[in-house]
Amino acid sequence: MPEPALSQRPMHGEAPPGEPRIFHHSFPATAMAVRDALRSALARFIRVMTEEEAGTLELILAEVLNNIVEHSYRDSGKGHVTLSIVRDGRGLSCSVSDDGIALPPGCLGPEPSNGSDRPDPESLPEGGFGWFLIRDLATDLGYHREDGRNLLAFRLPIAPLGERRTN
Amino acid sequence: MNLSAEACEGALVVHVGEARLDAAIALRFKERMREVTAQPGGRVLLNMSKVEFLDSSGLGAVVAVMKSLAPNRRLELCGLTSNVDKVFRLTRMDSVFAIYPDLAAALEGGRKYA
């Protein structure tokens with residue numbers, strides 16, 4: 001069953017009062033619904049991130065969610081995607097689940113540090129950048145398939161509030 | 001898809017009037033670009049100053065447009081906002097496009113290298 005469009009649970013833990021900690025959103029697998037999900041997720045955490053971090057979060061989420069729409073659900077427009085983001089002391093912990101087809105092996109790829117998995121610009125690639133960007137920008141990327149469900153998890157480090165550096 | 005084109009100093013300037021060039025709009029962007037570049041002409045300057053967000057689908061669409069114009073016409077870019085510029089840099093696609101800070105610089109660049 002689809003969950004409510006935007007449910008916000010009570011805040012708890014060591015974060016200061018009023019600081020957003022949890023985002024949970026389930027939505028239909030369409031590109032327009034992804035836009036709405038991105039807008040909601042960004043609005044939730046915009047106050048605890050720099051502009052740069054917000055841009056990175058939006059890009060990673062867009063790549064992950066649109067990948068599910070296009071490949072996991074094969075652009076059928078059918079199916080749901082569930083996105084959860086939890087803020088902790090180190091940054092944002094994101095998990096995304098869907099009931100589409102399995103992620104092909106190799107998407108998680110080699111360590112981004114070696115850089116060799118980037119599509120070659122000289123070949124003028126029109127695709128293949130999505131997973132490169134995800135691997136490059138996210139940390140602790142993990143994938144698990146269980147009972148016909150894809151579960152992808154990753155982290156985005158963000159600077160703690162009050163310790164912002166401008167660079 | 002908000003896209004407008006004007007002839008300017010021998011170039012076709014195409015203004016992207018969308019805040020997002022993403023998976024939801026990539027296909028329509030390619031179609032509209034095909035329409036506005038249907039007439040033969042010189043260089044094509046894509047003014048992206050209104051685009052605040054570009055994902056890999058949007059990037060792929062820009063690359064596809066460049067390839068469809070080649071070899072007779074060059075697609076050049078100007079007015080990249082910080083998030084858009086970042087995607088070009090991370091993917092190293094900034095190395096295959098002529099990218100100008102703004103439209104004036106792009107037109108100036110065209111005069112210089114014409």
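These are my notes on the sheet of chain A and on the contact between chains A and B.

Entry 1, the model. I am working from a predicted model.

Entry 2, the sheet of chain A. I traced the strands and found an open sheet of five, ordered β1-β2-β3-β5-β4, with antiparallel pairing. I then looked for the edges: these are β1 (22-28) and β4 (139-146) of chain A, each of which pairs on one side only. I also checked the angle between neighbouring strands of this sheet, which is 15° on average with direction ignored. As a reminder to myself, backbone hydrogen bonds are what pair the strands of a sheet, parallel or antiparallel.

Entry 3, β1 and its partner. I looked up how β1(A) is joined to β2 (residues 80-88) of chain A and found seven bridges, the two strands running antiparallel. For Ile22(A) I noted Val86(A) in β2(A) as the bridge partner.

Entry 4, the helix on the sheet. I followed α1 (residues 31-45) of chain A and saw that this helix lies across β1, β2 and β3 (91-98) of chain A. Its direction is at about 170° to β1(A).

Entry 5, chain B against chain A. I looked up the contact between the chains: 21 residues of chain B are in contact with 22 residues of chain A. On the chain B side, α2 (56-69) and α3 (82-90) each supply at least two residues. The most comes from α2(B), with seven residues. I sorted the residues on this side of chain B by character and got 10 nonpolar, six polar and five charged.

Note on methods: Residues numbered from 1 in each chain as written. Chains lettered and ligands numbered in written order. Predicted model: local features only at pLDDT ≥ 70, side-chain atom pairs only at ≥ 80, totals over all residues. Contact = placed C-beta atoms within 7 Å. Nonpolar A, V, L, I, M, F, W, Y, C, P; charged D, E, K, R; others polar. Pairing = 2+ DSSP bridges. Axes fitted to C-alpha atoms, helices over the stretch in contact; angles between N-to-C directions.
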